Amino acid sequence: MKQRYYSLDVFRGATVALMIMVNNPGSWGHMFAPLKHAEWHGCTPTDLVFPFFLFAVGNAMSFVIPRLQEAGPAVFWQKVLKRTVLIFLIGLFINWWPFVQWAQDTLVFKQWSYADDSMRGVRILGVLQRIALAYCFASIIAYYFREKAIIWISTFILVVYWAVCAFLGTPGDPYSLQGWFGTAYDIQILGVAHVYKGEGVPFDPEGLMSTLPAIVQVVLGYLAGTYIKKQGQVDWLWKKVPASQEPHFKLLSGLFVTGFILVVLAWVWSLGFPINKKIWTSSYVLYTTGLGVMTIGGMIWFIEVQGVKNSLTRFFDVFGKNPLFIFVLSGLLPRLVGLWRIPDGVGEDGLPVYTNALNWFYTHICAQLPGPPEVGSFAYSLCFLAFMWVICYILDKKKIYIKV
């Protein structure tokens, strides 16, 4: 990506870094409120991370789609389908990894499904799977339609999703955990054994039905990236210029006004269709996209116009160089380390107690820090993030960029 769009690299890297941090606390029971997802309706800072990443995927598409349009449909379908399948399979690989698990003192194979328990099995969907599906359909829309048509298609998807949620959900309570219509389809298509159960019941926050509005998240990122490209054809983006210069004013004012309008529309829509990440409501799409557009605008102002490039921007930029690889590694590494059991004292029954290296580090180092337990849990997240950054930094220094 060209130097003039360095702010988009930083945005993508910051999103990946935050995804890694919130997914790896020292203890899920001890987290500061902003680092938790909303229990159901509502939006915390953590609830912005995933949609921001999808928005960043769309930004990157705005640079790739024109080249694919020049190359022709055959090249387009080959590249998009290949990337979609690979990302989806990597996500499935993470869910199954490391293929074995401890059962008392024996390592046993982690089966795809269990004959003696219809509720147990490997989850099929997840974060990367949603990214793959949303990227695939957003690419098709971006490739075959012009910008005005894309806006109408996006509007149609969001409105239809609202209508489907309202009319197919439980009458009187269609937007609740039990009343949302999509769970029944996920179970019917995927099987109850392969659906997420972290809410206490079979319910997948990255389910098939809620992936439909997520497609729009990517599409809107593509439109934002296209707008930035068109307004950034002149040299002002990488030179300091007077604040009154027209292209600079037009781009930033366009981003901030658009972002503000989307947020207001989301607030109004949320009166009838609540902002909710777990079922990815249409109001949630508009709200997070609006904040994403304004965040990009702010980064362009500080980084490109004001020339602010410091240790913080470089820290996030490193993550942006290998975003998919480092996110996958952050999911694989803790599970692999979890197989390596080390003695950690004796239990009340006199039997040895085992832990793993990461849990030991949290319990004996981070959790011992003064203050509430959330401090130690957050410190562990920062240490894990720093370790991931070191890996990204080494790869960047060696010019190794792992892409799918």
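## Charges and surface

The protein chain carries 31 positive and 22 negative charges, and the mean positions of these two groups are 14 Å apart. Please keep in mind that this is a predicted model, and that the charge positions are computed from it like everything else here.

The accessible surface of the protein chain comes to about 19700 Å². Carbon and sulfur atoms account for 67% of that area. As for the interior, 49% of the 404 residues are buried.

## Overall fold

Let us turn to the fold. The protein chain contains 13 helices and six strands. Its radius of gyration is 22 Å, close to the 22 Å that the globule rule gives for 404 residues, so the protein chain is as compact as a globular protein of that length. Measured out along the principal axes, the C-alpha atoms fill a box of roughly 75 × 50 × 45 Å.

Contacts across the sequence add to this picture. Among contacts with a separation of 6 or more, 71% are between residues 24 or more positions apart.

## Two domains

The domain assignment divides the protein chain into domain 1, made of 1–35 + 309–403, and domain 2, which covers 39–307. From the C-alpha centre of domain 1 to that of domain 2 is 23 Å.

How many residues of each domain are in contact with the other? On the domain 1 side there are 29 residues, and on the domain 2 side 42.

## Ser62, inside a helix

Ser62 is a good place to zoom in. This residue sits in helix 2, which spans residues 49–71. Is Ser62 buried or exposed? With a relative accessible area of 1%, Ser62 falls under the 20% limit and therefore counts as buried.

Leaving out residues up to four places away in sequence, Ser62 touches Tyr222, Gly225, Thr226 and Lys229.

## The loop between helix 8 and helix 9

Two residues are worth a visit here. Pro274 lies in the loop that runs between helix 8 (246–270) and helix 9 (282–305). Its relative accessibility is 18%, so Pro274 counts as buried, the cut-off being under 20%. Beyond its neighbours within four places in sequence, Pro274 is in contact with His41, Tyr175, Thr281 and Ser283. Pro274 and Asn359 are 85 residues apart in sequence, and their C-alpha atoms are 37 Å apart in space.

Trp280 is found in the loop between helix 8 and helix 9 as well. Trp280 is buried, with a relative accessible area of 0%. The backbone of Trp280 also deserves a look, with phi near 50°, a positive value in a residue other than glycine.

## Backbone details to check

Most residues other than glycine have a negative phi, and most peptide bonds are trans. Against that background, a few spots invite a second look.

Which peptide bond is cis, with omega near 5°? The bond from Trp97 to Pro98 is the one in question. Pro98 is found in the loop between helix 3 (73–96) and strand 1 (100–103).

Lys399 has a positive phi of about 60° although it is not a glycine. This lysine is placed in the segment after helix 13 (373–397). At 62% relative accessibility, Lys399 counts as exposed, whereas Trp280, with its phi near 50°, is buried.

Definitions and conventions
Residues numbered from 1 in each chain as written. Predicted model: local features only at pLDDT ≥ 70, side-chain atom pairs only at ≥ 80, totals over all residues. Heavy atoms only, no water. Helix = DSSP H or I, 4+ residues; strand = E, 2+ residues; numbered from the N terminus. Rg over C-alpha atoms; globule rule 2.2 N^0.38 Å. Buried < 20%, exposed > 50% of the residue type's maximum accessible area, 1.4 Å probe, protein only. Contact = heavy atoms within 4.5 Å. Areas by Shrake-Rupley, 256 points an atom, 1.4 Å probe, with all protein chains shown as cover. Lys, Arg positive; Asp, Glu negative; His and termini not counted. Charge placed at Lys NZ, Arg CZ, Asp CG, Glu CD. Domains from an automatic or database assignment.
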